[in-house]
Amino acid sequence: MTLSFFSWAEARRFYAIGLPIFIAQLSQTGMNFADTAMTGQYNAEDMAAVAVAGSVWAPAALLGIGCLLALPPLSAQMVGGGQREGAAHLLRQGLWLTLGMSLLLMTFFYVISWRLESFGLTPELARLAGGYLRAVLWGLPGFMFFVNQRSFLEGFSRTRPAMIIGMLGLALNIPCNYVLIYGKCGLPALGAVGCGVATALCYWFMALAMLYYLRRDPQYRDLRPLFAPLFFRRGLSGRRLQEPRFDGALALRVLRIGLPGALALFFEVSLFALSAILLAPLGTVMVAGHQIVMNFSALVFMIPLAVGMTATIRVGHYLGAGKVARARLAARTALALSVVFALLIALCAIVFRRGIVLIYNDDPAVTALAMHLLFYVAAYQLVDGLQMAGIGILRGHNDTRIISAICFLAYWVIGLPLGYALARTDIFGPPRGAEGFWIAYIFALGFGAACYLWRVRFLHGLGDAEALARVRR
């Protein structure tokens, strides 16, 4: 049955493509969950160190990884248009970009890891958080390499390999954490630092496992997407093609499309990350309670993220094939699914809030704060789901410039100042601590969702020829 605003057939395609994406993203977030929970059982200070270090790591790392998010829609458009070799060439340019961005970001993490006390952290907390950063930064190139290869496969609507490898990475992360955090198998107990080492090892395992899959899968053997084609490429007939090792024009197009989305991710994640840093002077209980809820929120965020990523693939594929009406139907299906999932997440967060918190920590003060904050997590699910579906649709159209502008206004102009005012000042009454930031999140996400939906409506109002011209330029 197909309605003007929703297609059950398209919804089934979303399920087939989106479920592996969800499990893959869940596995990656599951590493953060395992890091937080296992360091929390070690001691609260190490958990707080991982939280603070993660607040530095996440926005900066996503600034680099976000640039690569131009690869899935571009790859899907090429595959939809019958340009399989173009998708392989795109992957190779992503690898060159990965090399450059990794060097820049690793240098940044190393330098800032020695200056964390300037954020108001205690010397011991700064020492632990800095050690975590210096350990995990070595895993960044591996994770970006994994994202490159995953993006190539997503262009072909192949999402299961990333799911399987993500699950294997999570399965490896837990015993590595256990050995390195608690000091097993004759190794010293490293606490937060051991957690960083374990995460870096798992990122490289995922990258190399994906590389092994690409080299072995016969479906892509004729494309020769890696290794030799970095220097030259042969076509299907065996003739050597004059293709440059580094295609500056294509790399710049990837950056032009990906950088606005990367900035959007940076603005969004930095709001959440700076929250933890600004709450650090209020004590370990405040940081730990906030981090528990933040970690759970990141875990359930994988559902709207999977819907948005699937929307990018489906919309990009249809537009690459010139099927504008089908692209619009896929977009409307994504928006409808985001509402359904948001309501289910909100209900579960409220009903099971006590059990959720006790997974992380059983300290009475931390538990009470985290259970209270879960009501705010439930409250913003609808707007968060709509905004992620909207972002996914816009990426499928290569319409990413407006995303960064909206995110800047939503998170840095509205969210961060309002959150600080509510959490740390008496402008709107007594300081609310972590609660103040969660109230600000709702306002920021609501503003963003409204803007993205307006932009999607604008794109859907364009004629077919104009919509395709905007994608291909």
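**Note on the predicted model**

1. Start with Thr39. Thr39 sits in helix 1, in a model that is predicted. Its relative accessibility is 0%, so Thr39 counts as buried; the cut-off for buried is under 20%. The Thr39 side chain reaches the backbone oxygen of Asp35, at 2.5 Å. Setting aside neighbours within four places in sequence, Thr39 is in contact with Ala34, Asp46, Met47, Val50, Ile181, Ala192 and Cys195.

2. Next, helix 5. The helix covers residues 123-136, 14 residues in total. At 1.5 Å a residue these should span 20 Å, and the end C-alpha atoms are 20 Å apart, so the expected and computed values agree.

3. How many of the 14 residues of helix 5 are buried? The count is 10, so the helix is mostly covered, given that buried means under 20% relative accessible area. The buried residues are Leu125, Ala126, Leu128, Ala129, Gly130, Gly131, Tyr132, Leu133, Ala135 and Val136. Their cover includes helix 1 (8-42), helix 2 (44-67) and helix 4 (84-113). Helix 6 (140-155) and helix 8 (192-216) also contribute to that cover.

4. Now the loop before helix 5. Phe119 lies between helix 4 and helix 5. Phe119 counts as partly exposed because its relative accessibility is 32%. Not counting residues up to four places away in sequence, Phe119 touches Ile112 and Ile277. Phe119 and Tyr212 are 93 residues apart in sequence, and their C-alpha atoms are 42 Å apart in space.

5. On to the nonpolar cores. The largest has 81 residues. Which of its members touch the most other members? They are Phe296, Ile403, Tyr411, Trp438 and Tyr441. Helix 17 (residues 434-460) gives the most to this core, with 12 residues. Another core, of 75 residues, lies apart from it. Among the members of that other core are Met38, Val136, Ile257 and Val287. Val136 is also one of the buried residues of helix 5.

6. Tyr411 deserves its own entry. Beyond its neighbours within four places in sequence, Tyr411 is in contact with Phe267, Glu268, Leu271 and Gln387, among others. The contacts of Tyr411 also include Leu416, Pro417, Ala444 and Leu445.

7. Cavities. There are six of 30 Å³ or more. The largest has a volume of about 1,300 Å³. It is lined by 50 residues, and the closest to its centre are Asn32, Ala58, Leu62, Val269 and Met302. Which helix gives the most to this lining? Helix 2 does, with nine residues.

8. Backbone check, Cys185. This residue is not a glycine, yet its phi is positive, at about 55 degrees. Cys185 is found in the loop between helix 7 (160-182) and helix 8. Is Cys185 buried or exposed? Cys185 is exposed, because its relative accessible area is 71% and the cut-off for exposed is over 50%.

9. Backbone check, Asn398. Phi is near 60 degrees here, again a positive value in a residue other than glycine. Asn398 belongs to the loop between helix 15 (381-396) and helix 16 (401-424). Its relative accessible area is 13%, so Asn398 is buried.

Terms used: Residues are numbered from 1 along each chain as its sequence is written. This is a predicted model: local features need pLDDT of at least 70, side-chain atom pairs count only at pLDDT 80 or more; totals for chains, interfaces and linings use all residues. Side-chain values use heavy atoms; hydrogens and water are left out. Helices (H or I, at least four residues) and strands (E, at least two) are DSSP runs, numbered from the N terminus. The expected span of a helix is 1.5 Å times one less than its number of residues. Buried means under 20% relative accessible area, exposed over 50%, partly exposed in between (1.4 Å probe, protein chains only). Contact means heavy atoms within 4.5 Å. A nonpolar core is a set of buried Ala, Val, Leu, Ile, Met, Phe, Trp, Tyr and Cys residues joined through side-chain atoms within 4.5 Å. A polar contact is a pair of N or O atoms within 3.5 Å; within protein, one must be able to donate a hydrogen and the other to accept it, and residues adjacent in sequence count only if both atoms are side-chain atoms. On a 1 Å grid over the protein atoms alone, a cavity is a set of points where a 1.4 Å probe fits but cannot get out, and a pocket is an open set with protein on both sides within 12 Å along at least five of seven lines; lining residues have an atom within 4 Å of a point. Grid points are joined across faces, edges and corners, and a volume is the space filled by probe spheres set on the points.
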